[in-house]
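Subject: Structure for you to look at

Dear colleague,

Here is the structure I said I would pass on. Please look it over when you have time; my notes come after it.

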Amino acid sequence: MTANDCLQVGLFLAVLLLLVKPMGAYMARVFADAPNRVTRFGARAERGIYRLCGVDPAEDMGWKRYALAMLAFNVLGLLAVYALQRLQPWLPLNPQHFGAVSPDSAMNTAISFASNTNWQGYAGESTMSYLTQMLGLAVQNFLSAATGIAVLVAVVRGFVRRSAQGLGNFWVDLVRGTLYVLLPLSLLMALLLVSQGVVQNFKPYVDVPLVQASSYTETLKDAAGNARKDAAGHALTREVAVTAQTLPMGPAASQIAIKQLGTNGGGFFNANSAHPFENPTPFSNFVEMLAIFLIPGGLCLTFGHMVGDRRQGWALLATMLLIFVPLALGAVAAEQAGNPALHALAVDAHASALQAGGNMEGKETRFGIVSSGLFAAITTAASCGAVNAMHDSLTPLGGLVPMWLMQLGEVVFGGVGSGLYGMLAFAVVAVFIAGLMVGRTPEYLGKKIEAHEMKMASLAVLLPCALVVICTAVAVLVPAGVAGIANPGAHGFSEVLYAVSSASNNNGSAFGGLSANTPFWNVLLGLCMFFARFPLAIAMLAMAGSLAAKRHVPESAGTLPTHTPLFVVLLACVVIVVGALTFLPALALGPIAEYLMSGH
Amino acid sequence: MGKLVRNALAMLVLMTALTGVAYPLVVTGLARLLFPAQADGSLVTREGKPVGSALIGQSFTDPKYFWGRPSATSPMADNAAASGGSNQGPTNPALTDAARQRIAALRAADPGNAAPVPVDLVTASGSGLDPDISPAAARYQVSRVARARGLPPDQVLALVEAHTRGRQFGVLGEPRVNVLGLNLALDALRKR
């Protein structure tokens, strides 16, 4: 790694830590039960929304009602996205006249965006109309993120409330998260992005003449789509002149802002944040990286505020950083070391003042190695899934990092809201393990952890693991699964493992070589995304419901303090051990085998 | 249950209006007001006519132009309507073959140049539309471009340096040269 690599990583972490503190305090106000400066500011708008929707904001929902409201809202959203894609040829704002999306792809995309995954089997600029992107995809970017935050806030209330039945009101939490957190931040960020060159308009695509005309060779096909051959059996081809370039347009900045802030990750364009219209400069890249961690990081501190002990929030944030920083540095170092297969050729891949060097396949010049490697770690530590470099072309170890960060259960920052409630499940498991060691009933934040809580926490921890392992096995056993693989050897298995890990942890990034827009992959990954998102959220709400009903146990000499470095290390170990034990065998067949065979 | 679904439906419609209609329209309005050129794609014009976007790479294969990053878009390189990378893994033989061909093409266009080829000239970019190359990649091509245009290499090198942008704010990203901008400047030289 070069000095500048370290400087850019250090700068990112410093700015992040400066921003999460005020962010955490602000969100604690937004979700406070008592009215305060923030919620009084938007009280009239809020009241108007509740009246129009026939919602009683004073209703305190039990966990079952909270879960039901969450589920109903998300399933309706999912159906709306499906309908928009199927009906887009007959709807307005479709200047490129894109046809209806196929039923399996539309279903996959609808689940993908409603579950905050944003796995994309399609290419944005050649599939989705502006209307579908705006009214379907961007709306779900907001609402799935707001849903994650709402569920988290309800789970935290389970720890805070004593002998209570309710966890709060889903509609109020949803509206507040959207109105006070996501919308203002998105507006600010969208304008920052436009200032750097991200497009924002409703124009049709623009054709510009090329400075140097060129041509390409096209293979002629008959009506059945087979290559036509001449008498000697050679394929018939023709030269096609290229004199113009079609520049895509659209309301991109507004969607990209929330795609990053809401840890959604679904690109407006196919190349996602590698596309110069989606991420034009190093500064836009820096803003996009910060935006991914801002809310998940801030929520850790919001949690500390809500439970009345800020150290608890810092401890969770420290745990996340403890896992994240070494893995991020590892990814950057692996990419900077480059690809040995190219080193054998007459290629200069050394870092210098004139070039980034390293493994530049699938990377953009303006980002080089460090801004790409760091982005890859951030987007997979959080369940964002936006990419600014093609993960399929990462070095074996550089690709192992993002894959494993997803497999850890998306709890190292993770999705907005969902990352922290996942981490809370691990925290409950950690205090339980500590309790077993000393032979005491475990407690966390003044609540006894008993059989029911442990069942729900274990379910939340193990469900994504089980989905990854089982569905990867299914995919490599079925011809329709193997058919999508693009790269030969161990890397091909990595493509499958990565795809299933991504969907089963609601990340959404991909080893893009895998041809996943087929009925088999659309259905398999659609199921993974749905079951990773909603049952897990419901299990955590069930845990919170039971916790809220309990009395508060005062701290005693036997209580394990959960704000100390000791607990931070214990929690990090639990996360890593579960992730390592479950996935090392599979990783050995993919990235590790590829590393060993690549001539290092 | 019926009430819950009605609530959910009303909430979805209202939130869609807010985040799916009002929000993008406000952003579009403000973008048009504050950054009109960027919002419309940072178009580059020559003699009043657009010839591309400063942010989107174009394919250059003529020895008299600087060549950009290899592009894996289909069916032709730098197809801005279908962005994407090669998605070839590091151990894929196709990746090494492609690199070998690119080196051969560069060597054929500039037989006297035996320097190792900067890595960004032999690897496909992530978007397939990378507008930039590294300063090392630009310098590697100076001798070829100078010969093809009958210009002194020093003059071409000076032009490269004038078009080299450092790290943003001195820290972020990597130094780079915008290929379209550099090539337009080269064409402008000839006309003078």
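The notes below go through domains, one helix, aromatic contacts and charges over rings. Please keep in mind that this is a predicted model.

Domains. The assignment splits chain A into domain 1, made up of 20-201 + 253-306, and domain 2, covering 206-247. Between the C-alpha centres of these two domains of chain A there are 42 Å.

Helix 18. In chain A, residues 519-548 form helix 18, which has 30 residues. From first C-alpha to last, helix 18 reaches 43 Å, close to the expected 44 Å. Of the 30 residues in helix 18 of chain A, 22 are buried, so the helix counts as mostly covered.

Aromatic pairs. Over all chains, the search of the whole structure gives 20 aromatic pairs. One of them joins A:Phe73 and A:Trp171: the ring centres are 5.9 Å apart and the planes stand at 85 degrees, so this pair is edge-to-face. A:Phe73 belongs to helix 4 (residues 63-87) of chain A and A:Trp171 to helix 7 (residues 170-196), with the two positions 98 residues apart, so the pair links distant parts of the chain. A:Phe73 and A:Trp171 are both buried. A:Trp171 also pairs edge-to-face with A:Phe170, at 5.2 Å centre to centre and 65 degrees between the planes. A:Phe170 is buried, as is A:Trp171. Elsewhere, A:Phe12, A:Phe286, A:Phe293, A:Phe324 and A:Phe413 make up one aromatic cluster.

Charges over rings. In chain B, the charged end of B:Arg144 lies over the ring of B:Trp67, 4.2 Å from the ring centre. B:Arg149 has its charged end over the ring of B:Tyr65, at 5.2 Å from the centre.

Regards

Notes
Residues numbered from 1 in each chain as written. Chains lettered and ligands numbered in written order. Predicted model: local features only at pLDDT ≥ 70, side-chain atom pairs only at ≥ 80, totals over all residues. Heavy atoms only, no water. Domains from an automatic or database assignment. Helix = DSSP H or I, 4+ residues; strand = E, 2+ residues; numbered from the N terminus. Expected span 1.5 Å × (residues − 1). Buried < 20%, exposed > 50% of the residue type's maximum accessible area, 1.4 Å probe, protein only. Phe/Tyr/Trp six-rings, centres within 6.5 Å; stacked < 30°, edge-to-face > 60°. Lys NZ or Arg CZ within 6 Å of the ring centre and 35° of its normal.
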